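Open the model in a viewer and keep the selection panel at hand. The stops below follow one another, each with something to select.

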Amino acid sequence: MAESHYQYLLLGGGLASGAAAEAIREHDKVGSILLVGQEVNRPYHRPRLNTTYLTAERKRVDLVAQAPEWYASQQVALATGHRAANLDTARRTVTLGSGEEIAFDKLLIATGASAKPL
């Protein structure tokens, strides 16, 4: 993460951010993109518990949304294993858990949700 300003900042490491990165690249071939995700993995399809993944009919590599080389070839920066700790909408910045501040022009918050225990 050498740059501290990105045209597109995508918060959340799931399929929504991965799909957004693809869509942005279709419309803007050169805009800087940073995808920040708390998980250490890049975006992947989360399998349901009764699917073929758990029965070993599908391998882990089949679950990823984009191949690792896609991010490099499309110049999409990944910051996996980082948590967004603070959003300052007036300054258009996000502060990561590490204290690093990222400025942005456009922001997508796609952090998902947590299930509420019954």
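In which helix is the place of L15? Select residues 15-27: this is helix α1, and L15 is in it. The model is predicted, with local features needing pLDDT of at least 70 and side-chain atom pairs counting only at pLDDT 80 or more, while totals for chains, interfaces and linings use all residues. Residues are numbered from 1 along each chain as its sequence is written, and side-chain values use heavy atoms, without hydrogens and water.

Stay on L15. Its relative accessibility is 34%, so L15 counts as partly exposed; the class lies between buried, under 20% relative accessible area, and exposed, over 50% (1.4 Å probe, protein chains only). Now add G112, which is 97 residues from L15 along the chain, and check the C-alpha separation of 9.8 Å.

Next, colour the whole chain by secondary structure. Two helices and six strands appear, in the order β-α-β-α-β-β-β-β along the sequence. Helices (H or I, at least four residues) and strands (E, at least two) are DSSP runs, numbered from the N terminus.

Select strand β3, residues 76-80, and pick out A79. A79 counts as buried because its relative accessibility is 3%. Add L11: 68 residues separate A79 and L11 in sequence, and 9.7 Å separates their C-alpha atoms.

Move on to β4 (residues 84-88) and β5 (residues 93-96), which pair in the antiparallel sense over four bridges. Pairing here requires that DSSP finds at least two bridges between two strands. Show L87 and its bridge partner in β5, V94. Four residues lie between the strands of this hairpin, where R92 has a positive phi near 55°.

Then display the largest pocket, with about 360 Å³ of space. Of its 17 lining residues, G12, G13, Q38, T111 and G112 are the closest to the centre. A pocket is an open set of points on a 1 Å grid over the protein atoms alone, where a 1.4 Å probe fits, with protein on both sides within 12 Å along at least five of seven lines; lining residues have an atom within 4 Å of a point. The volume is the space filled by probe spheres set on the points, which are joined across faces, edges and corners. Colour the lining by type: five residues are nonpolar, nine polar and three charged. Nonpolar means Ala, Val, Leu, Ile, Met, Phe, Trp, Tyr, Cys and Pro, charged means Asp, Glu, Lys and Arg, and the others, Gly among them, are polar.

Finally, return to the whole chain. Of its 118 residues, 31% are buried.
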